[in-house]
2 protein chains.
Amino acid sequence: MERHVCSDCGWVHYENPKIVVGSVVTYEDKFLLCKRAIHPRKGFWTLPAGYMEQNETTAEGAMREAYEEALAKIRIRDMLALYNVPHISQVQVMYRATLDKPEFSAGEESLDVQLFSWAEIPWDNLAFPTVYWALHQYEQIKDQESFVPFSNAEGDMLKKSFEMLKR
Amino acid sequence: MERHVCSDCGWVHYENPKIVVGSVVTYEDKFLLCKRAIHPRKGFWTLPAGYMEQNETTAEGAMREAYEEALAKIRIRDMLALYNVPHISQVQVMYRATLDKPEFSAGEESLDVQLFSWAEIPWDNLAFPTVYWALHQYEQIKDQESFVPFSNAEGDMLKKSFEMLKR
């Protein structure tokens, strides 16, 4: 395996897969989405999510990201999905979460934050395939108290999520 | 947040939580455990598990670790648990897996590999609390086709898993 080594001091940088933590946040029957203020996919809509930090749990990380990106205090319900994106060495842990009150606004990494009904979701302007997967998988189990978490989309859902990115 | 910076070249080493992938591997009604040949907890028994590497999925990582530590070709069934160990910035993804045939032997990081019935498991010599959690949680759902994956043990199971380490 290739490793990054500092040419001056020989420090070996062991690269490990990174964990992204995020959530499908709902208030009543609406979904909280953030318009990205940063690259990649600046200007496109995403779920509140980001890299997990040291000394936090996956759920704490998802709560922190929702606060940083949307100034939203979310309540985590349960794990929605675990996605693998091996070509960029990323594991994404997505939760189902709720807002107690419709209080939020754009954090530093967001241009805008809005609640959308399912029909209003800007499907043509989503940032990443996993945003599409998480929203659709959430919709499948929204009335269930508990369920087996999802993994990567397959078949038609996978195909549609990639078509979205070509636009 | 504190970052490790190379004093010669200024390279900033962003530390991120690390992912451990592993599995409760069964053959008929027995559990595959490995006696650790390396620190920490050398000489104690563990599940086949280890750090996830770049460009693999969590399930592929769990299969790789079972092969490296126990020369065992395992079949992944489903996710058993996701554990958070924030004080060491670790996320553990544990699968339920099976062996088609009782073929295995000690890999480089193992002193010994054995199949144990539930009663034979060396409970007083397990390497880590999460090994205790995963085995007990597996036992709770062993007859179920599907289930909601577990998270960190609580209450009595947590207490017993820590008592084990004091021995």
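This passage describes the symmetry, the interface and the aromatic contacts of a predicted two-chain model. Residues are numbered from 1 along each chain as its sequence is written, and chains are lettered from A, and ligands numbered from 1, in the order in which they are written. Local features were accepted at pLDDT of at least 70 and side-chain atom pairs only at pLDDT 80 or more, whereas totals for chains, interfaces and linings use all residues, and side-chain values rest on heavy atoms, with hydrogens and water left out.

Superposition was carried out by least squares on the C-alpha atoms of residues with pLDDT of at least 70 in both copies. A turn of 180 degrees with a shift of 0.0 Å along the axis lays chain B on chain A with an RMSD of 0.0 Å; the two copies are thus related as by a two-fold rotation axis. Within chain B, the residue that comes closest to this axis is V148(B), whose C-alpha lies at 2.5 Å.

The contact between the chains (heavy atoms within 4.5 Å) takes 30 residues from chain B and 30 residues from chain A. Because 100% of the interface residues of chain B are also interface residues in chain A, the copies meet through the same surface. The buried area, defined as the accessible area (1.4 Å probe) that two parts lose on being put together, summed over both, is about 2900 Å² for chain B and chain A, with 65% of it on carbon and sulfur atoms. Zero salt bridges were counted between chain B and chain A, the criterion being a side-chain nitrogen of Lys or Arg within 4 Å of a carboxyl oxygen of Asp or Glu.

Over all chains, 14 aromatic pairs were found, a pair being rings of Phe, Tyr or Trp (its six-membered ring) with centres within 6.5 Å, classed as stacked when the planes are under 30 degrees apart, edge-to-face when over 60 and tilted otherwise. Among them is the edge-to-face pair of F31(A) and Y138(A), with 5.5 Å centre to centre and 85 degrees between the planes. Since F31(A) lies in strand β4 (residues 30-36) of chain A and Y138(A) in helix α2 (residues 129-141) of chain A, this pair ties together parts that are 107 residues apart in sequence; helices (H or I, at least four residues) and strands (E, at least two) are DSSP runs, numbered from the N terminus. Both F31(A) and Y138(A) are buried, that is, under 20% relative accessible area, with exposed meaning over 50% and partly exposed in between (1.4 Å probe, protein chains only).
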